[in-house]
Amino acid sequence: MDYKLETRCIHSQENKNQPFGAVSVPIYQTAIFSHPGIGESSGYDYSRESNPTRASLENIISQLEGAQDTVACSSGMAAISICLSLFQAGDHIICSEDLYGGSVRMFRQYEERGLRFSYTNTSELENIKRLLTPETKAFYIETPSNPTMQITDLFALKQLADEHGILIIVDNTFLSPYFQTPIQLGADLVIHSGTKFLNGHNDVIAGFLCSKDQNLAKKIRFLYKTVGSCLSPFDSYLMIRGIKTLAIRQERQQENAIQIAKWLQSRKEIVKVYYPGLKEHPGYEVNQRQARGSGSMISFQVDSKETVEKILQKVELITYAESLGGVETLITYPMIQTHGDVPKEMRERLGINERFLRMSVGIENIEDLIEDLEQALE
């Protein structure tokens, strides 16, 4: 049967035919597997290359993203590293200018190896066209972007990519496959920090790289087993368990986020709210066309640095911490936490300054969350 996404999060083919009728995927906590005979294999030989628990997780992500194949990595950064290893010196990649700071830091390392990166507001297609060169091999997109929530029109980008034979890479961490499936919109590769919404409980570091076709998948599998940045069996099990509640978590988080975004707009201390679910958001209509939701990430500008300090020091229920996507509501100071490696001039142009905060909305009671923000602003 062709199950809906909510059902596929819980019931996948991986749940069937497990040893002894196990309902949960077992943890195959083993480094090696015995051979039935000379030149024979059970399908698994060494856990760096493949492991049944991790393979189950990879198949689940592939089903959710509509991918041909997925590799589960030890972190989101490991997934990005494998992705960039597909390219060679002289290749040019056009990126969203508003990116997670860790991605920018890694790109600088790959520049030393001969790759070239250009940054622009990819929500405007003309900006991308102006940067095209014969050496352009890929577009690297975050939509919504981190942290100013720029929305890139993936349908339009696909047309441009096809004209020039360019790959589309989409970091889908902010929306997850529950709200957005970039491969269906034309992406060739999809990246996730699995630590975030896919896991949902802030207790696993993981990353995923999903590929649209078998040619890319084959290259990625070779790099994956060679580099060895694979996810452990136990962490793979925790990821499978987390994904089972993805749909219900995302719905509740989005419901809370919409109410918080509107409440923030009503406060005199809040100068600007960045949330794709608000009709005033510049990318609202594009996001409505290509995604099934707006997610639960909110950024906002306040009136002064003092207000920032007051919020971060006084919140009680909300946790002042990096990361995002868990059931707990987190608030982050991007300028000194997640985006410290972004060049200062770029940060200032984007508005990521001393008055800028980012919030990952959790599943708590909405009244408790708003009361906590209210007391922090008093």
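## Overall build

The protein is made up of 14 helices and 12 strands. Its radius of gyration is 21 Å, close to the 21 Å that the globule rule gives for 378 residues, so the protein is as compact as a globular protein of that length. Keep in mind as you look around that this is a predicted model.

Taken along the principal axes, the box filled by the C-alpha atoms is roughly 75 × 50 × 35 Å. Among contacts with a separation of 6 or more, 71% are between residues 24 or more positions apart.

## Surface and charge

Let's turn to the outside. The protein exposes about 16400 Å², and 49% of that area is supplied by carbon and sulfur atoms. There are 38 positive and 48 negative charges, and the mean positions of the two sets are 3 Å apart.

## Inside the protein

Of the 378 residues, 57% are buried. In soluble globular proteins, nonpolar side chains tend to be buried together. Here, the largest nonpolar core has 80 residues, and the members touching the most others are Leu 57, Phe 139, Tyr 140 and Leu 209. Helix α3 (residues 76-84) gives this core its largest share, 6 residues.

Leu 57 is a good place to zoom in. Leaving aside neighbours within four places in sequence, Leu 57 is in contact with Ala 72, Phe 208 and Leu 231, and also with Ser 236, Met 239, Ile 240 and Ile 243. A second, separate core has 28 residues, including Tyr 275, Leu 278, Ile 298 and Ile 311.

Notes. Residues are numbered from 1 along each chain as its sequence is written. This is a predicted model: local features need pLDDT of at least 70, side-chain atom pairs count only at pLDDT 80 or more; totals for chains, interfaces and linings use all residues. Side-chain values use heavy atoms; hydrogens and water are left out. Helices (H or I, at least four residues) and strands (E, at least two) are DSSP runs, numbered from the N terminus. The radius of gyration is taken over C-alpha atoms; the globule rule is 2.2 Å times the number of residues to the power 0.38. Buried means under 20% relative accessible area, exposed over 50%, partly exposed in between (1.4 Å probe, protein chains only). Contact means heavy atoms within 4.5 Å. Accessible areas come from the Shrake-Rupley method with a 1.4 Å probe; for residues, only the protein chains shown count as cover. Lys and Arg count as positive and Asp and Glu as negative; His and the chain ends are not counted. The place of a charge is taken as NZ of Lys, CZ of Arg, CG of Asp or CD of Glu. A nonpolar core is a set of buried Ala, Val, Leu, Ile, Met, Phe, Trp, Tyr and Cys residues joined through side-chain atoms within 4.5 Å.
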